[in-house]
Amino acid sequence: MPSHVFCIDTLHLMSDSPLQLTAHIVGPTEGWSLEPASPKRVWMDATGGFAYRCLPLTIANQAGWLVRCPAPFQAVWTGGDTAVDTGVMVHPEHQHFANQILSHFGFGVITFSLPWLFRTPEGYALSVRGPSNAPKHGVAPLEGIVETDWATSTFTMNWKITEVDRIVRFERGEPICMISPVRVADLERFEPEVQTIDADPGLKAAYEQWSASRTGFNEDPERQAGDWQKDYFRGETPAGEKAREHRSRLKIKPFSGPDGS
């Protein structure tokens with residue numbers, strides 16, 4: 001067997017090897033949960049399922065693990081810069097969460113202190129953000145990338161209130177954080193450039209075939225509301241060429257061990 005074939009096969013096997021993501025418990029976990037993200041979204045359900053035809057949306061919905069809010073509360077920002085200008089009101093029966101849900105930074109920011117210290121393999125960080133494709137009126141999730149392969153500190157999830165004097169409410173069990181491992185160094189390896197489509201004749205021909213197919217589909221007077229071009233969903237071009245790698249759903253594993261949800 002040629003050596004280069006052996007190397008390619010070995011790299012392929014290595015790419016399929018399991019990777020460890022560990023959530024070390026460092027605080028009270030009552031009410032908190034970690035679970036694979038669901039493909040479902042309330043507003044997408046409201047479209048009668050039509051929105052789920054957009055595969056990039058549904059894949060993004062699933063691409064990580066969700067942390068859910070441990071207790072209901074409401075918050076309001078008076079417009080000031082200090083922490084006291086952002087009132088976080090946790091119901092009296094849930095006051096034990098007051099040191100985990102608070103305004104720490106001011107400026108209308110609500111901070112969730114997660115009860116875990118995460119560990120990822122060397123070279124992997126965690127993308128920490130709000131649940132994908134889940135807009136919430138009056139408040140927006142802030143995003144961060146944390147080097148969880150070496151840091152010995154925890155991180156927080158933060159939301160920024162966007163309207164002064166508007167009360168925002170979070171419910172128990174509502175998703176407030178989404179985590180996904182990323183290799184930040186890979187971003188620096190890309191060498192971006194802009195070219196005309198003529199620079200790749202094969203791609204140009206395939207694009208023009210797709211464009212003509214799409215135009216014909218949209219302009220077809222006999223097209224029904226339920227009709228659907230499924231090329232992308234099936235992972236193939238209009239010419240019938242199959243993608244080497246394609247996913248119509250993700251199989252994200254749940255956390256195991258104590259308090260795994």
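**Note on the salt bridges of this predicted model**

1. Arg-234 and Glu-236 are joined by a salt bridge in which the closest N and O atoms lie 3.5 Å apart. This pairing, like everything that follows, is read from a predicted model, and should be taken in that light.

2. Arg-234 has a further acidic partner to consider, since its side chain also meets that of Asp-231 in a salt bridge, with 3.3 Å from N to O. Both Arg-234 and Asp-231 belong to helix α6, which covers residues 231-234, and the 3 residues that separate them amount to about one turn of the helix.

3. On the question of burial, Asp-231 has a relative accessibility of 17% and therefore counts as buried, because the cut-off for that class is under 20%. Glu-236, at 18% relative accessibility, is likewise placed among the buried residues, whereas Arg-234, at 43%, is classed as partly exposed.

4. These contacts belong to one network, in which salt bridges with shared partners join Asp-231, Arg-234 and Glu-236 together with Lys-242.

5. Turning to the structure as a whole, a search finds 9 salt bridges. Among them is the pair formed by Arg-68 and Glu-35, whose closest N and O atoms are 3.0 Å apart. This pair links distant parts of the chain, for Arg-68 sits in strand β3 (residues 65-68) and Glu-35 in strand β2 (residues 33-36), with the two positions 33 residues apart in numbering.

Technical notes. Residues numbered from 1 in each chain as written. Predicted model: local features only at pLDDT ≥ 70, side-chain atom pairs only at ≥ 80, totals over all residues. Heavy atoms only, no water. Salt bridge = Lys/Arg side-chain N within 4 Å of Asp/Glu carboxyl O. Helix = DSSP H or I, 4+ residues; strand = E, 2+ residues; numbered from the N terminus. Buried < 20%, exposed > 50% of the residue type's maximum accessible area, 1.4 Å probe, protein only.
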